[in-house]
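Here are my notes on the model, as numbered points. Please read them with the structure open.

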Amino acid sequence: MPRTLSLSLLLAGASFAFTAPAQAQSADPANLLPQERAPAAAPKTPAQADSQDPDYDRPTVDSAFAAYSDPVVQKVDPLIQHWSAAKARSLVSLIESIGKEGLEPSDYDLAGLRAAIAAGEGAALDDAASQRFVWLIEDMRDGRTPMAARKQWFVVDPDPDRYPTGTVMATALESDDLAAALKSVAPVHPDYAVLKAELAKAKPGSDRARLVRANMDRWRWLARDLGSQYLITNVPEFQLRLKVGDKIVRTYKTVVGKPGRTATPQLAEQVEGVILNPTWTVPQSIVKGEGLGTKVLNNPGWARNAGYKATRGENGYISVVQQPGPGNSLGLMKLDMPNPHAIFLHDTPARQLFNQSDRALSHGCIRTERASELALTLAILQAGLTAEEGVEKLTSGEYTRVAFQKSMPVYITYFTMATNIDGKLAKFDDIYDRDAPVIASFDQPRVANRARKTSEEVVEIVDDLKT
């Protein structure tokens, strides 16, 4: 590697200390990582244990919990609780104003609630008010959009476990502040507040208002708190951000999957390390389909110059691996983020692609601008390497895995309206046509007992890096 590149990478790593927020400068790298939050729920009963299964459809008051007969260590807050008439009237007011959160008052049967209030306090009012507040909590915490309308959404939201419905309701009734309790499960990311302010300015029912509402709901699909330090990429924006707290430390252009079967899915995964000078196992669509395997075996000189090594098994199967080097199709780094989709972020030798405006060009994986800088930054921040050590490993030309001291969240998201890297609200092209199902779902009756995990097929991406 040229010395100029080596020096530039060293400076990139060193400059991080001067540009990161103060909290990143003063703390040990491990302490910047998101801390695991203990669930607010009491120790799980057998019924609750089932509800942690991603395929389990969470019950609402329509099929409320039966009374627990077995003794438990602590009280479990039920889904039906006592409501006074005054608190139920406060709930009416809360539902009437819920449109500002991008939700529909008509979803919560105000007429039925008012009738229950008029009938007086008692079991019927407890049932009616509890049911409607459960619906509000679920929609604000988990999103209103049913899983069938969340195309290629493979994130399992942890918030129902972190903020149990019964506990949120008990807090609301005890504090006599229903709005504050509901806010306690709403997204805390600044973009949600920006979209909420935009919704207030948009004409009700307009295309813009509907788009804003859809993207507000997308924030509710994610964890309420993304962590103190994480990577997040917005696919339609073609941008990756490294964030500490709510502050952007670095941004990088990206190349994402082509529309169709190789579209990049939406994921929340953990990065366990960075791989410097990676190898690339060539997919069989090239090895066999394009005859690369035979070419490598029959032309050893050409193969050596191109960095390819091939092996033929006893059954005739040919595998080809491209070795580390300047021409490697993964470039100089990739993030080690195991997942069933085989999606990861990596470098590319075809860096001219970052100059294009439409960068939906890959077979699913995310190619990252200035990937060597990103690798060094993470190696310094997450693995405790010095800038000099990082540059030495990177410029060695040898395959090296740098393990993190603690894994780091990475979110692959899809927002068609969001704050851009300049801090301004912007609209992005719906490159995968994922808006229409979300918007249409708001025109349909609210779906109860929504699944927490998609039933969509997991497609393992084989990134044909020659395209």
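1. Status. This is a predicted model. Every value below is computed from it, so treat the side-chain detail with the usual pLDDT filter: side-chain atom pairs count only at pLDDT 80 or more.

2. Overall make-up. The protein chain has 467 residues, and 53% of them are buried. Its secondary structure consists of 17 helices and 14 strands.

3. Contacts. Take the contacts between residues at least 6 apart in sequence. Of these, 73% join residues at least 24 apart.

4. Surface. The accessible surface of the protein chain is about 20800 Å². Carbon and sulfur atoms account for 52% of that area.

5. A three-stranded sheet. One open sheet has the strand order β5-β7-β6, and its pairing is antiparallel. The edges are β5 (280–281) and β6 (308–312). Each has a single partner strand, so one side of each lacks a neighbour in the sheet.

6. The β5–β7 link. How many bridges join β5 to β7? There are two, and β7 covers residues 318–322. The two strands run antiparallel. T281 has V321 in β7 as its bridge partner.

7. The cavity. The structure holds one cavity of 30 Å³ or more. The largest cavity has a volume of about 100 Å³. Twelve residues line this largest cavity, and D142, R150, D157, A451 and R452 are the closest to its centre.

8. Character of the lining. Which classes line the largest cavity? Six residues are nonpolar and six are charged. No polar residue takes part in the lining.

Note on methods: Residues numbered from 1 in each chain as written. Predicted model: local features only at pLDDT ≥ 70, side-chain atom pairs only at ≥ 80, totals over all residues. Heavy atoms only, no water. Pairing = 2+ DSSP bridges. Helix = DSSP H or I, 4+ residues; strand = E, 2+ residues; numbered from the N terminus. Buried < 20%, exposed > 50% of the residue type's maximum accessible area, 1.4 Å probe, protein only. Contact = heavy atoms within 4.5 Å. Areas by Shrake-Rupley, 256 points an atom, 1.4 Å probe, with all protein chains shown as cover. 1 Å grid on protein atoms, 1.4 Å probe; cavity = no way out; pocket = protein on both sides within 12 Å on 5 of 7 lines; lining within 4 Å. Points joined across faces, edges and corners; volume = space filled by probe spheres on them. Nonpolar A, V, L, I, M, F, W, Y, C, P; charged D, E, K, R; others polar.
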